[in-house]
Amino acid sequence: MLVSMNRVSKIYNGNPVLQDVDLTIENNDRIGLVGVNGCGKTTLLRILTGREESDAATERDGIVSLTPQTNIGYLEQMGALDNDNTVIAEMKSVFGELNKTSDRMKELEKMMSENDSNYDLLSEEYARLSSFYEANDGYTIKVRIKTILNGMGFGEELFDRIISSFSGGEKTRLAIAKLLLENPNLLILDEPTNHLDFKTVMWLEDYLSGYNGALLIVSHDRYFLDKIVTSVCEIEHGRLTRYKGNYTSFVKLKDEQVTRQQKEYEIQQKEIAKMEDYVARNLVRASTSKSAKSRVKALEKMDRVEKPDTYHKASKISFTFGIDPPFDLLKVKDIDVSVGLSDNRKTLVDSLSFEVKRGEKLAIIGDNGIGKSTLLKVLQEKLPHKGKVLWAANVKISYFDQEAANINKSNTIFEEIHSRYPLLTDLDVRNLLGKVRITGENVFKQAGVVSGGERCKLCFAIMMMEHANVLIMDEPTNHLDLQTKEVLEKALSEYEGTIIFVSHDRYFLNRIATRIIEITADSTESFSGGFDDYLSVKKARELQAAEEENKLKAEALRQQQEQKNERAFKSREQRNKDAKKRIRIRELEAQMEDLQKELDELQEEILGEEVYSDFALMSEKCTRIDSIKNEMNEKFDEWAELSE
């Protein structure tokens, strides 16, 4: 055990934020902490890390116990760095004690070479320091720093750059890198994926999957939670409930629990009503008074089932349309994606072509700045472009703009709906906004001052009224809480029209997309299925590319060795030894050839749809690929040693 929290509570301005929270963190726990904004997640983390005190009703309440070996590393949403340091100096600062040890060892080396009289004493100290340095992996510091910085997106050309010159998002990535180098046995991360691209997030997922310590992660990235955590703690109404499994399991278990509790509550309420009715009718009667009193006592002792409650009543989002367009919905041919003014335009993507069929849910992904949002505007002829965008007849488009540029920010939410649909009554407008959970006085707030989430809900309400058969959506989940994301995903999954969307939300991509188009500066490629399918294909290609590279290296080494052998003079004894070596080399080559043949067959199989669409089969074959690779590496090492 690393941490134990017992009946932790916290009250702000008379409002309970946390109530009797119990939490135990074991050595290798992977915990996801979830809950709506403002539910108390950050407060809990601050109490756990000693930055804030809990409110204790008794001496036994509000206790946070840490074992002596517990070492907490906490990444807040704005990590602390020394802005005057270079990147490499900041990373090296993590290893302060080891750096001092290394400096002292260098001093001792110099002293031993110059001073014979104290050699034994100096040598003894050097041996002690060397053992300490080696035991704490001091000789791998440079490798570890480089590995983690590269993984977090910082190449060697940035190592000597001053930290103050980086953006806020880049500083957050540096803070994560520094924390990973510190390697605490309890790592607490608050929204670690906020400023990371796909590549960096996936690297972090892989790194944390093998992390030797406990993890406590606050994140709205559901795909990230699915990959990392083995239990989910939800804070709701100040109470903490822990569920086994990843985020997807949590959603299922939570739904089952709420359904079960609702049924138990309803059954108990019926029982209570019957008992109370019996008491009311029989308490004053002499013949039944004793029986009625026993029911009163039973009611007083009854363990009442609480009515299940949630922070928000779920939105009711649904998109409908009346007319089906033709099957061949959209043809895009040789268009360019450019930004800037006409006399100084910069082309991001050139000669882009693809087609969209009716009913497809097409996701567009690519690096930041590649022009994904611009492409969505080009498809709607909102921006000038080369090439052709050909929509079929009877197409009606509804567009979700992540900047909400099509909303009049000076209008109230109520006025914005009324201005678009003047025939709606006030009650109709309120009912529409009520479906997306914009209620009460909130409908009279200006659209320009409401939260990003409320503005998104306003856009959804407008889109629901447009009854379009094509939805074009630019990062629709960016400002939504988890509950509204789930509602939106359900609505889009049930929508029978066509969706073309841009998103960085991998969970959303996995649930909605039936096809993914990846755009790069050099090419465009289409992948069938959701994000997991896309990722399987990419990983299979990476494995194949790595194996091809190993083949080339092996062949180059073989040729180099043959040339060396041809030039070398060999004695009879040497020739005998060489003969034995050659026999073993041929055995190894034959074995490696067999392994390579099996590897090639597996590489070809995992590229087939029947394999990469079956995750269990894909995992089995990838495991065998790794096993073959390890075996080949061992045989190759022996072959290389013999060849020398």
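This passage describes a sheet, a nonpolar core and a helix with its neighbours in a predicted model.

The sheet is open and consists of 6 strands in the order S5-S6-S7-S3-S8-S9, with mixed pairing. Strand S5 (72–75) and strand S9 (239–244) stand at its edges, and because each has a single partner strand, one side of each is left without a neighbour in the sheet. Direction ignored, neighbouring strands of this sheet are turned against each other by 15° on average. Helix H6 (residues 168–182) packs on the sheet, where it touches S5 and strand S6 (186–190), and the direction of H6 makes about 175° with that of S5.

Within this sheet, strand S8 (residues 231–236) is joined to strand S3 (residues 30–34) by 4 bridges, the two strands running parallel. Isoleucine 31 has serine 231 of S8 as its bridge partner, and glycine 32 is partnered in S8 by valine 232. S8 is also joined to S9, in this case by 6 bridges and in an antiparallel arrangement, with arginine 239 of S9 as the bridge partner of glutamate 236. S8 and S9 form a hairpin with 2 residues between them, and histidine 237, which lies in the turn, has a positive phi of about 55°.

In a regular strand the side chains alternate between the two faces of the sheet. For S8, both faces are covered, with Ser231, Cys233 and Ile235 buried on one side and Val232, Glu234 and Glu236 buried on the other. Accordingly, 6 of the 6 residues of S8 are buried.

Turning to the nonpolar core, the largest one comprises 112 residues, of which Leu208, Phe319 and Phe460 touch the most other members. Helix H14 (residues 452–466) gives the most to this core, contributing 8 residues. When neighbours within four places in sequence are left aside, phenylalanine 460 is in contact with Ile317, Phe319, Phe400, Met473, Pro476, Leu480 and Leu488; Phe319, listed among these contacts, is itself one of the residues that touch the most other core members.

H14 is also a packing partner of helix H13 (residues 426–435), in which Val429, Leu432, Leu433 and Gly434 are buried, since the buried residues of H13 pack against both helix H12 (413–420) and H14. Just after H13, arginine 437 takes a positive phi of about 65°.

Methods
Residues numbered from 1 in each chain as written. Predicted model: local features only at pLDDT ≥ 70, side-chain atom pairs only at ≥ 80, totals over all residues. Heavy atoms only, no water. Core = buried A, V, L, I, M, F, W, Y, C linked by side-chain atoms within 4.5 Å. Buried < 20%, exposed > 50% of the residue type's maximum accessible area, 1.4 Å probe, protein only. Contact = heavy atoms within 4.5 Å. Pairing = 2+ DSSP bridges. Axes fitted to C-alpha atoms, helices over the stretch in contact; angles between N-to-C directions.
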